[in-house]
Amino acid sequence: MTEAMQNNKPTLAGMMTLGDYPQRIYPNLCITAIAVNGTVLQPDDGGERFIDNKRYEGTIAEMLEGALGFVARNGKTRVVIRDGKRTDIPEYPETAVREIITNALIHRDYGPYCNGTPIRLVMFSDRLECWNPGGVYGGQSINDLGYANMPTRNPTLVSILEIEKNAENRHLGIPVIRDEARTHGVRQPEFIDQRGSFLVRFFNSSAETNASDHDATPGQDKNSPRPADVENTILAYCAKPRLAQEIANHVGRSLQYTRREYIRPMVEAGKLSLTLPDKPKSKYQRYRLTNAA
């Protein structure tokens with residue numbers, strides 16, 4: 001397999017997919033996984049920070065299986081009785097978790113400035129978060145995720161994984177994650193591209209429908225600015241038509257929260273207008289100040 005070797009030496013892609021122990025050379029190309037009791041990273045009443053804390057090394061396939069086991073072990077299971085038969089429903093659907101972790105392993109930045117940074121998997125009481133170095137690649141917008149045919153940061157790595165039947169690069173991961181959330185009746189996942197990194201949040205059934213600690217942009221006080229100030233900021237920003245994600249980024253809130261708490265109420269109140277009123281759910285939908293020139 002020519003992609004795995006170059007000048008009679010294994011490539012990084014070759015080591016990460018076919019090597020015996022890639023971390024011998026790249027010790028931090030791994031996954032760190034922790035489970036915490038609560039919605040924020042802080043010690044509990046007993047002074048303990050983590051319920052579980054693991055590090056997964058090896059090839060991409062080995063790290064994926066290890067991380068999947070971590071989520072299954074630390075996630076809760078709900079029992080449903082239907083027609084006299086017991087069905088165990090995991091807190092996080094395995095298909096969605098597999099796609100989240102696979103995407104992080106495939107699309108992370110393996111460049112020299114990031115190969116000292118592991119992927120971070122955190123299980124909170126209300127959500128699962130997966131963070132990896134390397135934002136959306138190729139200058140594409142986060143709004144294109146799951147819709148556009150986007151360029152691949154690590155084509156050689158993906159090629160080997162496809163040959164080994166460990167992964168596919170069909171741009172279906174994001175739609176699958178969204179569909180799994182919809183099927184399990186939980187809040188839609190959040191995808192955040194910020195400061196050269198990418199974060200996925202997948203919520204469970206205990207996640208509150210109202211704003212919580214993770215609705216604010218990292219580093220921002222979730223109580224500031226006040227709602228009226230946010231609304232005025234949106235009105236000023238929408239003097240030109242804006243995508244919902246652009247509005248969310250501008251006010252430093254998550255997309256789902258911004259839609260629920262601001263965009264929809266402002267449309268209903270006649271403060272914002274749709275650029276595509278006949279297609280309210282279009283991915284190309286933009287919002288503008290009503291009566292704006």
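These legends walk through three close-up views of a predicted model. Local features need pLDDT of at least 70 and side-chain atom pairs count only at pLDDT 80 or more, while totals for chains, interfaces and linings use all residues. Residues are numbered from 1 along each chain as its sequence is written, and side-chain values use heavy atoms, with hydrogens and water left out.

**View 1. Six strands form an open sheet with mixed pairing.** Follow the strands in the order 4-3-7-8-10-9. Strands are DSSP runs of E with at least two residues, numbered from the N terminus, and two of them pair if DSSP finds at least two bridges between them. Strand 4 (52–56) and strand 9 (190–194) are the edges, each pairing on one side only.

**View 2. Strand 7 meets strand 8 in the antiparallel sense.** Residues 119–123 and residues 127–133 pair here over four bridges. One of the partnerships to look for joins methionine 123 to leucine 128 in strand 8.

**View 3. Glutamate 129 and arginine 201 form a salt bridge.** The term means a side-chain nitrogen of Lys or Arg within 4 Å of a carboxyl oxygen of Asp or Glu; here the closest N and O atoms are 2.8 Å apart. Glutamate 129 sits in strand 8 and arginine 201 in strand 10, so the pair ties together parts that are 72 residues apart in sequence. Glutamate 129 is buried (under 20% relative accessible area, using a 1.4 Å probe and protein chains only). Arginine 201 also meets glutamate 190 in a salt bridge (3.0 Å, N to O).

Key. Buried < 20%, exposed > 50% of the residue type's maximum accessible area, 1.4 Å probe, protein only.
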